[in-house]
Structures are given as C-alpha cells and as structure tokens.
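Work through the following exercises with the coordinates open, and try each task before reading the solution beneath it.

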Amino acid sequence: MPTFKVFRYNPKTGDQAYFQTYQLPDVKGMTILEGLYYILENLDSTLAFRSSCRMGVCGSCAMHIGDKYRLACETQIADIGDTVTIRPLAHMKIIRDLVVDLTPFFAQYEAIKPYLIPVGEPPTREFKQSPAQRSKIDIYVDCILCAACYGSCPVVATDEKYLGPQALLKALRFVNDSRDGATNDRLSYLATDYGVFRCHTIFNCQQVCPKNLDPTGAIGKLKMKSLIAKFTGKLKKIG
Amino acid sequence: MAEKVSNQSLLTWFLQRFSGLFLAFFLFTHINVHHFLHSEGLISFADVNARLTGSFWWQLFYFLFVPFCVFHALNGIWAIIADYRPSKGFSIFTKAAFWIIAIILTAVGTFTLTNLF
Amino acid sequence: MAFNNMFKNALDDTNRNKNVGTFAYLLHRITGIGLAIYLVMHTYVLSSAISGKETFNQRMGLVQNPLFAILEVGLVAGVFFHMLNGLRITICDFFGVTLSHKVFFWIEMVIFIIIMIIAIVLQWPKMQSGYYTGM
Amino acid sequence: MFYDIVIVGGGLAGMRAAIAAHDAGVKVGLISKIHPVRSHSGAAQGGVNAALANHPAAKDDTPERHAYDTIKGSDFLADQPAVEIMTSDAPGIIFEFEHWGCPFSRFEDGTIAQRPFGGAGYPRTCYGADRTGLYMLHTLYEQVVKRKIDVHYEMFVTKLAVKGGRCAGVIAMNLHTGEFQAIGANAVVFATGGSGRIYSVNTTNAHASTGLGVAIPYWAGVPLEDMEFIQFHPTGLEGSSILMTEGCRGEGGYLINNKGERFMKNYVSEKIMELAPRDITARSMQTEINEGRGFEGRYLHLDLRHLGAQKIMERLPGIREICMNFLSIDPINDPIPVHPAMHYTMGGIECDKDGLTRMDGLYAAGECACVSVHGSNRLGGNSLLDTVVFGRRCGNHAANKVKNMSQTIDTDTLKSAQKAEEERFKKLRTAAGKENPYTIKNDLSNVMMDKYGIFRNETDMKKGLEEIKALKEKFKQVRGIPDTGKFNYDFLWVTEIEGNLDAAYCVALGALSRTESRGSHFRRDYSKRVDEQWLKHTLFTYKPDGPEISYKPVQLGKYQPEERKY
C-alpha cells in the first residue's frame, strides 16, 4: 500500500506548513496525479494541487516527487517506491498546499519577448523554412512551461531577477529560428547581468526537464553566441 | 527592459574561463614542481632561487601566475556574492574592497618574486 | 533573497536536487572559497622573502612539518577538484556537449582519484613524523 | 472590473478571439480557470486541416474539396455555409500562424508539411510533429503576451450576469483570493472547450474539460444544440485513454486484432483502410472487441513497428514518450494497445457563423460552441481549424458590435448576481448532506459510458436517463464543501459536477429522441439514417425539470445528402 506524504500549508488555518500522510490503495499503473485525485475525492477534499491534461503536455502538475521535480501525471507511484514525499515547486511563493505563485516565472518568460519578430513584411504564403532549418528549433519548441527547471535552479533561488532556464531556452528557440530577424537585439538582452552568464552550469534543469530539452545546453549555446556577437561588435547597450 | 542593465557579466564570465584555463596549466606545473617532484627534504630559499634566477621563462611564468590567481580568486568570490543580489551599497563597498585586496596581493606577490631571484 | 537565508536555501536546494551536478557545483564553490583563502595565506608565507633569505627559510620551516604535509594533500585535492570541474563545465559550455556532463563528471573523478593516489604516495614520506629535523 | 469584451476560456478559440478583438481596437479581458498554456487545446496532436496543396499528392486540393469532405464526414448534418467559410478561411489562418512563428514541420522545399488524415480525400493536415496543438497554443499565447492583453488566469466563471435578455458580464471566483468577483462587459465570449469529463472513465479529455462551460449559458436560457453527438476517438491508450493521434494511422500505422489481421478491410474499402472517418473506425473497433477479437477482451493493437525507428522519432515523438511513460512500452518495438475513447463533443452552445448566440451580447466559439461545422461527426484535424477560424470571426464580430457602445458598468445586475453566487457558495459550504460528489461524478460517467457509448439502444438509454435523474436528485444531498480560502479546488470540481449532470442530461435526452443512426450517433434499434425525418438539429432549452427539445433545419448548400460510403 503506497503512502503519500504531502506538503500542506494553508495561510487561512495556520501559518505552519506540515506533511500529511495518506494511505492509498494499491492499483497497478496508478500515477501520482491519480493518487492525488484519489485523496481529493475520497480522503481529504481540502487538498489543493494544479492539474489539467493528465498526459504530460499541459505542464500544470510539476512538483517535487520523491527525489526530484517531476510531472505528477506521468510518474507512476511504483517507480518512486512505497512512500512518496510530495512538495511544491521551490523558489516561488507557496499559496496553498502544492500550489505556488507562478507570477515571477511568467514575468521572466515575458521579459525575453517570447514571440517571433520577422524580418520585413511576411510573404503571401508561408515563410520558406527547410527541414534542416526547422531541426535547429526542434526540441526547444517542445517546452511546456511546467517550471520544473525554474524550481530546481539554485541561481533562481537566490536571485529572482535571473531570467531562469525556461526563459533562456525559449529565447534560443527564437534566436535559432530562421524566420526571426531580431537575433542581435535578443542576444544583447540575454547577455546582461541577469541573463545567460549568471548560469553556473549546474545541470539541475537538464536533470529535471520532463521533456528532456536540456536547458543547460541551450544556455551554453546562447553564451557562445553572445560571446561571438560581443567580439564582433554586434551587441547593443541595453537601457 | 527599461531598467539599465550592464553586460559586465559577459566579460567577467569570459575572463574567469580564460584565467581558469591558464591557471589549470600554471597550477599543474607549479604543484608538480613544488610538491610532486620535490618530495624529499625541505623547500628552501636556495631551491627556489636556483630555479628562478636566470630563467626568463620561469620568471615570466610566475609574473603571470600571480595576477591570474588573484583575478580568478576574487572574481570567483564576487560571482558568489552577486548571486545573492547584494544591495547597491554593499556591492560598491565589496567591489572597492576587492580592488584594494587585488592590488595589494598582486603587489606583494610580485615584490616577493623579485626578492626570490 | 537576503544573505540570512543563504545556508538554509542552499541546503534545501541540495536536498531536493540530489544529483552529480549539484554536488559538483557545491564542491566547486567550497573549494573555490578555500583556495582563495589559501592564496592569501600562501602570499603571506612567501612574502617573508622580502625580509631576506633567513626569514623565508624560517617561515617556510613553520609550515613544513607532518601536520602541514597532511593538510597539503587536502590542498592538492581542492586544487585538482576545482581545476577538473572547471574544465568540465568549460568544455560543456564551449563545445555543446552538455548532455554528456555526467560522463565527464565520472571521467573527472577517475582522473582526480589517480592524481590523489600519486599525491599521497609522493607526500607519504613527509607525513611520517620525525622525517624532518626542522629548522 | 470592466472590459469591452470578456473572453471566458484561454484555449485556442478564446485566445484567437481575444487577439482579433484586441486588434480591432477594443479592451479585452481574458478569463480562464487555468493558465492559458494549460488549456486542453495543447493536447491536440495530429494536425490542422487546410487545403494548402503543399503535398505532392494533393496539388489540386481546394477549399471546396475540403468542404465536401467535411460535409460528407458530418453525415450531412453540418451547416454548409459555415463549413464553406471555415474551409476557405483555412489556408489564410494557417499562414497567419506560420507568420507568427508556429513551428510547423516542413517538406523538403520549405513549405508546411501535410499528412493524410481520416475521411479526407487528400493529404491536407498540416502538422508540427505530433504536438501541433501545443505549438499553436504557445504561438497564440506568445501573441497575447506581445499585445499585452489582460489575462486573468485561475479565475473560475460560475455565472452569467443577465439583464433583460442581455449579457452584462460574468461572475467568477478568483481562485487566488477565494473570493467572488464581478466582471462587467458589453460582450461575453464563451470559449470554454468540450464536456468530455462527463465520460471521465474513458475519455481523452483533460480534467478541466467539464460540462460547466456549456451549462452556464444553458442555465441562463441559451439553447444547446446537437448534444447527442459524441465522438469516440478510435485510438485511446489502453487504461488511461490518453489520445494516440490519428497521425499514427495517417503516417501508415495499422490496426490489428488478436488474429493478427488488419480488420478494417472488412468494414471499408481497401483504399481507405485505417483512414476511415473516426465514427466508422471506432465502431469497427468496438465491433471487433465485442465479437471477441480483442486482446484480453478489452483492446486492439495499433502497430507502428513497420514505420521504422527514424520515422517514429521524427514524426511521432510525443506518442512514443507517452507510451514509454504510461505503459513502459516502446512503439518502435511493440504494438500500442488501444481502444476507442470519448474524444469530442460535436454539440454545444447554439450559435451562428459569427459566434453570436440567441442571447444579446453572448458569443461562443470553439468546442463548446456548435456552429455546426462538424455535424454529427467531426473529421480529424478540423477541430483546431474550427477553434481558430470561428474564434477569429467571433472576436471580430463582437469587437465591431461593442466598439461604439457606452462603457458603463451595470453595477446593479452584477452586484445582485454576485450576491446570488456568494449565497450559493455559502449554502454549499454549510450543506448537511452525506453524498460524496465525486461518487456521483464517477457513477455518471459509468452511466454515460455504458448507456450512451458507441452503440446505443432504447432500453439502455431509457434506463440511463432514469439513472441520471436519480444522480441529479442525489446531488442535492451532497456533502458540505470545506471553506479553504485560496484555491478551493473542491468547490471548483463540485461546481463542475453540477454542470456535468445537466450536460449529460441533454446528451441522454437527445440521443433517446433521435430515432435514427447518423455519424457518431449509432443506434442498434434504428440503424438507418432517416433524412426525411431527422435532417435537423436538436435544440435543448433549459427548464427546471429537464431540457425542452425543439428542432431547427439544417442549412444545406451545394451538396445534397447522399449515402456515405468510404
């Protein structure tokens, strides 16, 4: 019988956070999210956690499960063990139980101008992009904004102004896109004190990414691109 | 993006890597010579003096070694402090202190070296 | 985030992300701070050369005894860990081989252990008490 | 709070409407109970249809052919003028997405790649690997960010504020604070998505896709349309019912029964095989399973092994990932166990081709709306198209309408509606009943699955209707909801169950009344399509003791109903 130890915190009933233990039935193939729903539906309806698609694409249910950050929906209880400790994402304000305030995360997402800035007027049909050019953004477009990397990054822990792994990965997606024409503007912003060079290459983000996107590698690529842009005099002053 | 942000970290990051690579070479040689190859007896003034005197390459080696060490060490510690987002006053104070420490250490180190040959 | 939560947060992050990346990063920082302190001490000891040959030999004598010989092994460990790990993250960043960072870490560890064995073997005579007469 | 236009729901339809309205120069507020990028549009995998004629085998593809395929697929219940609008807008809207940066997969010549899909005469489904919905959703959110549109996420709309037949705004619970808030608007757009969770035991839909989105306008007096048509996707993953995209079959995957044969040849022509429309494929699969040719009596195999590792990893990486995470199998080496699973609600809030409903100032778009472009059966790849095309039209129309209206907030109506909601919540909190609401939800989904599944018949459906009525009674005795303040998910899910019950009631009553078989609605006791009597849409109007059914004719156009053969 699996046991869940779930992080609980409700500012309305008490300031103190604690772990609550629940006994769950033994069901083959049950996921952590199904377990949480079982608790909500049968044991304790005050439990709060985010969820939506339950198939690993919406990114709602990233939390700290067992030994690392995972998506609750695509993690089977059997893979974690008999006792499962569940905690919310770190580095963001905990609102209640497993729900955290994602505002800083989305603020960083918005700061990097996460939209295509094309060169000139678009053609009447599509921009031509060869499969080789498309393959340069292949994995980076798969990010689901689950914030697991943001929660695992020790640099984010100490400095909320650091753009964080997700935003930087997203930035590389546009820098690498053959249709985007604002590469130097983007790099100028990314090379500032809150950008890529604050990364200490710790690899936690790569470790936890549920989509195996390697944000650390993306940041490494951006570092190289920024350095080259700097030494060829293409970087602009910001502010 | 209205806020003025510097991209000083680009240069410091790069110089940290750059000095780090040099130090890897310097330290490896230095430790090799002083500890591994010199495993018997004491290191005395005479030993050091004998190696440095008259050898342009050894002299150049150590004259570069000192500033690289100092830069790498202080810049590394500054990177740690910067992670904790120090207040403006604190960071100005620390930076000034680090500059003074850097100058003193480099000066003492260099002066020591000149006395060793 | 202020300095007062520094250690608590660092511990919490380490506790939640138990993987080689975190350990390497923490050790890198700790050895880095240690080496920076050592650099100052080293400069202090050697700066005695400014006052002349005798002072230098005298002060060197202070730190050349079995206790410091043992500490020196620790120093070598710190230097080489910091060096190898620095090379590892530099290689990962510069050559885009981040996905193999764990392999690099274990290679680093193997080299590190080999170097440490050599260091201890070479340092062994100095660590035996009574080897030196002192000065 | 006041906006010219309030949009409820942050999926593709909602965000597209918001962008359209914003670009037309009005002040838009987007409200969603989950963050927009968590919307279930992101779970769409296969692709989006548009007659771009990029595929070498589809050089003579046109929007007309696309329209014909859609109408034929709908079993001629679709409103043909609306379908023509959708298919002729399609290429433009896909190019627009591409210009916004949507990372579609590409052909060698650099054009958007297209793959064949079920029920379509040409390969015209544009795709980005098997994450098309995710890419489109993120692209739209990027544009929302670019335009700095106000997004209020985790705001749970529970009621429409109506005055004199005119929509004055919505009442929502702000989950971040746990308090009710009134948002005034000159126009409200509902883009809340499908009601798949009424079949929660066997659906591909997200937890968030409940019936409340259609129930709120329904309670306010707006009729629902064609609720009896529920699409079953042929390939839901065994057990969890997670969607295995139609693209698997589009890329050439086989459906295999336990005798090892490609059984689809027994149901459709050899030329079509696995690429028959979803209703036919799902029925064929269920027949195989019912007649004992399924594995363990429950599922069939979707075999991708002959496609080769490279093609699977390049075109269907998400499918592989899901299989590995949920069943620990690798489609490169093993066949995928699949069974039909509830996937889409063709019906929804009745609206015209501009999204305007019968209530003044209330619009609907996306899966919760029923413009009726899908008729009785939707073709794969048309749902993404439906959301963005009608999302845009609806946003434009609403913007033009409210542009010159006064921006005064109807405080009285909103205040009293808010008060009513607060009272209701208070009552729910102090309810003294004993029933567990989630048991009711599970019972409901079991009833729906057993009695209103792929095959339906009168006796079962009559029994089912009684059970739904009993569940509705039971819901009145529901236990109290704890007042946890912020993020009261118990309140959210229990409120949704109330919506589920009424949406399910409409499905049940509609299915029972329609004595024919058409598209996804298949009755064993009336297995023929009867155009003379049933070529019409069902309308459901809210009455306290069950919906009142009426009918409206289908808008025909170029194509006259004919026998549907594949």
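**Exercise 1.** Determine how many residues lie between strand 8 and strand 9 of chain D in their hairpin, and which residue of the turn has a positive phi.

*Solution.* In this predicted model, strand 8 and strand 9 of chain D form a hairpin with 4 residues between them, and within the turn D:G178 has a positive phi of about 80°. The next step is to follow the pairing itself: strand 8, which covers residues 166–174, pairs with strand 9 in the antiparallel sense over 6 bridges. In this pairing D:N174 is found opposite D:E179 of strand 9.

**Exercise 2.** Identify the strands of chain D that pair with strand 9 in the parallel sense, and establish how far strand 9 is covered.

*Solution.* Begin with strand 1 (residues 2–8) of chain D, which is joined to strand 9 by 6 bridges in the parallel sense; here D:I7 stands opposite D:V189. Then turn to strand 16 (residues 362–364) of chain D, whose parallel pairing with strand 9 comprises 3 bridges, and where D:L362 faces D:V188 as its opposite residue. As for cover, a residue counts as buried under 20% relative accessible area, and by that criterion 10 of the 12 residues of strand 9 (residues 179–190) of chain D are buried, so that the strand is mostly covered.

**Exercise 3.** Explain why strand 11 and strand 12 of chain D each have one side without a neighbour in the sheet.

*Solution.* First write down the strand order, which is 11-14-13-12 in an open, antiparallel sheet of 4 strands in chain D. Strand 11 (230–237) and strand 12 (254–256) of chain D stand at the edges and have a single partner strand each, and therefore one side of each remains without a neighbour in the sheet. From one strand to the next, the twist averages 45°. Finally, look at the pair formed by strand 13 (residues 300–303) and strand 14 (residues 336–345) of chain D, which run antiparallel and are joined by 3 bridges; one of the bridge partners here is D:V338 in strand 14, which is matched with D:L300.

**Exercise 4.** Decide whether helix 5 of chain D is mostly covered or mostly uncovered, and name the residue with positive phi that follows this helix.

*Solution.* Counting along residues 212–219 of helix 5 of chain D, one finds that 7 of its 8 residues are buried, and the helix is mostly covered. The buried residues include D:L212, D:V214, D:I216 and D:Y218. After helix 5 of chain D comes D:G221, with a positive phi near 105°.

How values were computed
Residues are numbered from 1 along each chain as its sequence is written. Chains are lettered from A and ligands numbered from 1 in the order in which they are written. This is a predicted model: local features need pLDDT of at least 70, side-chain atom pairs count only at pLDDT 80 or more; totals for chains, interfaces and linings use all residues. Side-chain values use heavy atoms; hydrogens and water are left out. Buried means under 20% relative accessible area, exposed over 50%, partly exposed in between (1.4 Å probe, protein chains only). Helices (H or I, at least four residues) and strands (E, at least two) are DSSP runs, numbered from the N terminus. Two strands pair if DSSP finds at least two bridges between them. Axes are lines fitted to C-alpha atoms, for helices over the stretch in contact, and angles run from 0 to 180 degrees between N-to-C directions.
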